[in-house]
Amino acid sequence: SALAHHLARQPLVGSADPLAGVYVVASLARHGPSAVAADRLGVAPLHWGQRPDVAVLSTRAAVAAALLAAAQGTTPQRDVFTTGWLAYAGQMMGARTAYEQISLVPEGSVVEIEQTGAIQLHRSSRPPWRLHAHELASDPHAALDEVRAEMTTAIRTALRNPGSEGCVGLTGGKDSRLILALLL
């Protein structure tokens, strides 16, 4: 409900930077443009393909390829070059996918969908790992407060998930001691 309230006040284009977590979010409007965005680090993949008369967006490359091929009256075609690299890399690298005409939406980007069906890609001008770097460097105490708040929010969010048992495996290392301090 907090996300719905945020998106009702601000369009996704231009206001995706403050969103946190791993996500793909869609903001659909009755009037005006709609938008789809993935998290700023690109952990949750958003795939897209476009032809002159159709555009597809999906969290799965195979689904995007099937939809685009169906719109063209064909079958999805594998990208042999990219798929071949899986033998060496174990995962896809860059924006290409295992399907022709389907690529990853660049991390931190928002895809805006006009009512006419035209789509436009909006890229963030700031890299995600340096969102507030200049502000945080000038006030280390504020930086620590922000990091603590971010970590505490992540822990509370995990504990709210249905089926969460609230159990943390601690090893006694620095990371575990930090998490234990936050839990306490």
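**Helix α2, end to end.** In this view, helix α2 takes up residues 61-72, 12 residues in total. From its first C-alpha to its last it reaches 17 Å, close to the 16 Å you'd expect at 1.5 Å a residue. Keep in mind that this is a predicted model.

**The buried residues of α2.** Here we pick out A61, A64, A65, L68 and A69, which are buried in α2. They sit on the same side of the helix, because they cover an arc of only 125° around the axis. An α-helix has 3.6 residues a turn, so residues three or four places apart point the same way.

**What lies over those buried residues.** Which strands help cover the buried residues of α2? The cover includes β3, made of residues 47-51, and β4, made of residues 54-58.

**Just past the end of α2.** Step off the helix and you land on G73, the residue that follows α2. Its phi is positive, near 75°.

**Stepping back to the whole protein.** Six helices and seven strands make up the element count here. Starting from the N terminus, the order goes α-β-β-β-β-α-α-β-β-β-α-α-α. Of the protein's 184 residues, 26% are buried. Now take the contacts between residues at least 6 apart in sequence: 40% of these join residues at least 24 apart.

**The surface.** Accessible surface for the protein adds up to about 12700 Å². Carbon and sulfur atoms account for 57% of that area.

Definitions and conventions
Residues are numbered from 1 along each chain as its sequence is written. This is a predicted model: local features need pLDDT of at least 70, side-chain atom pairs count only at pLDDT 80 or more; totals for chains, interfaces and linings use all residues. Side-chain values use heavy atoms; hydrogens and water are left out. Helices (H or I, at least four residues) and strands (E, at least two) are DSSP runs, numbered from the N terminus. The expected span of a helix is 1.5 Å times one less than its number of residues. Buried means under 20% relative accessible area, exposed over 50%, partly exposed in between (1.4 Å probe, protein chains only). The arc is that of the directions from the helix axis to the C-beta atoms. Contact means heavy atoms within 4.5 Å. Accessible areas come from the Shrake-Rupley method with a 1.4 Å probe; for residues, only the protein chains shown count as cover.
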